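Visitor: I am new to this structure and would love a close look at one part of it. Could you pick a single spot and show me how it fits into its surroundings?

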Amino acid sequence: MNLTQFAKERYAEAAVRARPAGNRIRQRWTEFLVEGMIQLSGVSTIVIVALIFLFLLREGLPTFLDIPLRQLFGGRWYPIEGLYGLWPLIVGSLIVTVGAVVIAVPRGLTTAIYLGEIAPPWQREILKPLIEVLAGIPSIVLGFLGWVALAPIVQSLGAPTGLTALTGSLILAYMALPTIISISEDALYAVPKEYRDGALAIGATQWQTIWRVVLPAARSGLAMAIMLGIGRAIGETMAVMMVTGNAAFVPELGLDMPLSPVRTMTATIAAEMGEVAQGSQHYSVLFGIGIVLFVITFAINMLAGRLVGVTVRRKGGSV
Amino acid sequence: MTRQHTQKIAVALITASAVLVVIPIIAVIAYIVVQGAGAISWEFLTARPRNGMTEGGIMPAILGTLILTLGTSIVCIPLALGAAIYLAEYAKDNRLTRWVRLAIVNLAGIPSIVYGLFGLGAFVLFMQFGTSILAGSLTLGIMTLPVVISTAEEAILSVPQEFRLVSQSLGATRWQTIRHQVLPHALPGIITGVILGLSRAAGETAPILFTVAAFYLPTLPSSISDQTMALPYHLYVIATQVPGMPLSVQYGTALVLLLLVLSLTLVATIIRTRMRRRRDW
Amino acid sequence: MNIPPKLEVQNVYFTYADGTEALRNVSLKIDPFQIFVLFGPARAGKTTLLRLFNRLSDLIEGATVQGSVLFNGRDVFARGTDVIDLRRRIGMVFAVPTPLPGTIRENLTYGLRMAGIRNRDELESRIERSLTQAALWDEVKDRLDRPASALSGGQKQRLCIARSLALEPEVLILDNPTSGLDPLSTAMVEESLHELKQRYTIIMVPHSVQQAARVATRAAFMLDGEIIEVGDGDQIFGQPQVKRTEDYVTGRFG
């Protein structure tokens with residue numbers, strides 16, 4: 001290297017070292033603080049779930065400590081006489097949820113299939129917003145409609161007041177539909193195009209392709225959709241409270257069962273909490289029901305998560 | 001039956017089913033509009049109720065819902081945004097991250113009445129905030145977290161990786177990259193998610209039952225430790241517990257709530273489509 | 001007089017999180033004020049090696065690095081290294097021209113603004129200087145406030161070069177900068193490189209062996225994560241010492 005180049009280099013290096021350090025020190029502090037807050041926000045979610053469970057326990061634990069389990073899961077819910085059998089409430093939730101799922105799952109799946117595989121784009125443009133609209137309707141509004149409009153119809157079917165498990169299932173079905181539809185849609189969308197193309201190439205009709213290729217491939221996603229729909233149905237409060245009749249006893253088995261009034265766990269909490277004294281046994285039991293609900297939905301979510309696993313999609317290019 | 005026959009029948013059934021799903025949605029909304037429109041008037045929207053709620057307006061309930069929505073956003077947005085940024089940009093592929101995601105999935109699944117119980121136990125009683133706008137906003141805010149976190153995270157992840165790479169190669173720190181390259185371009189998606197979450201919170205009844213809602217208050221709330229009326233709760237009470245309440249008033253209240261929630265959803269959708277069209281990459 | 005190399009790689013091993021070795025015992029010396037070309041077939045580890053210099057390799061989760069990478073004599077992987085400052089001194093241009101969303105001016109001043117430089121005159125003078133060095137000044141000087149996305153491919157890439165130069169780095173790394181460009185733009189970029197090497201140290205991964213031969217002062221041939229041969233530009237392409245180099249240079253594989 002000749003002398004001029006060497007001089008140039010020395011000069012260049014000197015110029016660089018004379019460059020101000022920039023804002024590195026202040027930057028380091030801001031960076032540290034901000035990153036700290038962000039990490040805290042992330043971890044706070046775990047803390048919040050734990051807190052919710054803890055507070056439920058705090059107020060509800062006496063239920064499981066004081067009341068013998070046999071009575072707790074016994075068949076009579078009669079708080080006035082100190083009888084806190086949860087069984088009728090659990091059965092109530094079960095009947096209404098099962099009914100809602102039976103109504104909603106076939107409808108939801110077929111609508112998802114329609115949207116994903118059959119509908120032309122212009123119809124999709126109309127339908128998807130409509131389903132989002134359904135998802136947005138507050139549960140109280142649907143419950144209200146069930147109360148004033150649907151119940152009289154059910155009444156004409158033979159139920160004395162029209163406030164029955166069937167009414168509840170119908171309303172719940174419509175509330176769970178958007179969840180089922182959108183997650184099923186995602187599951188169907190995730191099936192690679194090659195599967196469909198392959199089937200069509202060997203001469204299968206569209207329906208055969210859907211039935212034999214696409215649906216089986218989307219199996220786990222569809223199962224998750226159903227599970228989450230169930231979770232949505234079990235957790236609903238106001239709508240069922242308004243239309244199921246609030247009779248806290250186990251209906252008789254038989255063809256009449258859907259037309260009996262029932263009471264769900266969620267409705268019990270909402271209806272009776274306003275009238276209990278804080279710290280009383282009734283109060284603890286209501287929190288105890290809350291614990292049961294928490295555990296049930298927790299289990300459903302764990303199951304659903306296990307089915308598919310959590311996927312993180314990074315769009316755009318890669319490093 | 002030939003395959004072609006099966007095909008046609010299947011498609012017909014599926015289409016019919018989808019139509020049967022859609023028609024009631026439209027019918028429901030139309031029915032409420034028709035039945036409730038008659039009750040809507042300027043007075044209905046701006047006056048206080050009179051005569052045992054059977055006359056006058058529902059302004060305090062509308063105001064209460066708006067106040068609670070504001071409170072919800074204050075509680076929810078900073079926390080949700082932080083968690084979303086954490087998940088999208090900082091979280092490594094380890095156990096802690098998996099637990100965070102699990103926590104969020106579970107928060108999403110907790111029934112709204114259980115949130116109400118939590119609000120009662122934690123904010124009304126333990127923190128001694130009493131039934132108040134503060135307690136109600138905290139409860140609703142926490143309930144809205146999972147929805148906003150999910151949509152915000154998705155919006156952040158949809159910003160192409162190249163921008164982060166270029167930004168860091170030019171000497172920007174990670175936070176600078178997030179603040180100048182990622183967040184501005186994820187903003188439409190984030191805003192959409194926030195508005196959707198808020199619209200859901202506005203319509204919720206169960207969480208506010210024991211934490212803030214009151215049916216009749218002589219005065220409007222003046223501080224965050226006051227109770228307030230709210231539309232969803234108001235509708236519930238006048239529909240089920242007030243004898244002699246005119247049906248038109250009930251439908252009118254339902255309509256107002258419906259319009260409030262749906263217009264928020266509409267705004268969110270509009271923002272999403274307009275911003276998507278203006279993308280610069 | 002002994003002038004230390006600008007950049008030096010000493011026995012570097014780079015392993016991905018899943019165990020694949022991208023770099024095996026790589027050692028190199030790069031002197032200042034020249035164009036050092038790193039060439040070889042795809043997946044040879046060239047990009048991985050480039051990203052070690054400015055520690056963009058940090059962004060690859062779970063990867064491990066052994067060995068030293070010296071910049072001005074100091075190991076960039078040493079504890080306490082200011083990575084942000086390092087990246088301002090070693091600029092990088094990527095294969096696909098990636099202007100940031102925004103105007104041309106915003107693109108050029110991005111790195112400067114992040115560094116805290118806000119003085120309007122300072123920014124303007126740097127804009128002009130860097131655009132001139134990248135041979136783009138005349139074409140865009142009247143539309144600095146227009147979106148950068150409206151530029152042609154070749155212009156975008158020269159913008160990316162100017163963007164890095166605005167920080168007045170010591171080293172400029174270019175990873176396949178002309179891969180998507182038409183011949184005229186390619187020629188313009190190569191031409192500007194000849195000018196730039198008088199002020200900066202340039203490391204480049206070329207688009208083809210021919211391009212490498214055109215611009216290289218010194219070159220290294222890489223294959224499967226290893227350095228096969230290093231030599232002067234006019235020698236390694238005309239009379240390679242190692243057979244594998246010769247095979248690649250003459251097109252027997254690629």
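Guide: Gladly! One definition comes first: helices here are DSSP runs of H or I with at least four residues, strands are runs of E with at least two, and both are numbered from the N terminus. Please also keep in mind that this is a predicted model.

Let us pick Leu79(B), which lies in helix α3 of chain B, a helix made of residues 59-90. Is Leu79(B) buried or exposed? A residue counts as buried if 20 or more other C-beta atoms lie within 10 Å of its own. Leu79(B) has 21 such neighbours, so it is buried.

Which residues does Leu79(B) touch, leaving aside its neighbours within four places in sequence? From its own chain there is Leu145(B), and from chain A there are Ser41(A) and Ser44(A). Gln168(B), in turn, is 89 residues away from Leu79(B) in sequence, and their C-alpha atoms are 26 Å apart in space.

Now step back to the chain around this leucine. Chain B contains eleven helices and two strands. Following its sequence, you meet two helices, then the two strands, and then helices to the end, in the pattern α-α-β-β-α-α-α-α-α-α-α-α-α. Taken along the principal axes, the C-alpha atoms of chain B fill a box of roughly 70 × 70 × 35 Å. Leu79(B) has plenty of buried company, as 56% of the 281 residues in chain B are buried. Look also at the contacts in chain B between residues at least 6 apart in sequence: 77% of them join residues at least 24 apart.

The two serines lead us across to chain A. How many residues does each chain bring to this contact? Chain A gives 75 residues and chain B gives 72 residues. On the chain A side, helix α2 (residues 24-66) supplies the largest share, with 22 residues. By type, the side of chain A that touches chain B has 42 nonpolar residues, 24 polar ones and nine charged ones.

Another helix of chain A shows the two chains meeting: α9, made of residues 206-217. At 1.5 Å a residue, its twelve residues should span 16 Å, and its end C-alpha atoms are 15 Å apart, which agrees. Within α9(A), the residues Trp207(A), Thr209(A) and Ile210(A) are buried. Looking down the axis of α9(A), you find its buried residues within an arc of 135 degrees, so they line one face of the helix. On the other side of α9(A) you can find Arg212(A) and Pro216(A), which are exposed.

What covers the buried residues of α9(A)? The cover includes α4 (87-118) and α8 (193-201) from chain A itself, along with α1 (3-37) from chain B.

To finish, glance back at our starting point: Leu79(B) is buried, and its contacts include Leu145(B) in its own chain as well as Ser41(A) and Ser44(A) in chain A. From there you can trace helix α3 of chain B through residues 59-90, then cross to helix α2 of chain A, which gives 22 residues to the side that touches chain B.

Key
Residues are numbered from 1 along each chain as its sequence is written. Chains are lettered from A and ligands numbered from 1 in the order in which they are written. This is a predicted model: local features need pLDDT of at least 70, side-chain atom pairs count only at pLDDT 80 or more; totals for chains, interfaces and linings use all residues. Two residues are in contact if their C-beta atoms, placed from the backbone, lie within 7 Å. Ala, Val, Leu, Ile, Met, Phe, Trp, Tyr, Cys and Pro count as nonpolar, Asp, Glu, Lys and Arg as charged, and the others, Gly among them, as polar. The expected span of a helix is 1.5 Å times one less than its number of residues. A residue is buried if 20 or more other C-beta atoms lie within 10 Å of its own, exposed if 12 or fewer, and partly exposed in between; C-beta atoms are placed from the backbone. The arc is that of the directions from the helix axis to the C-beta atoms.
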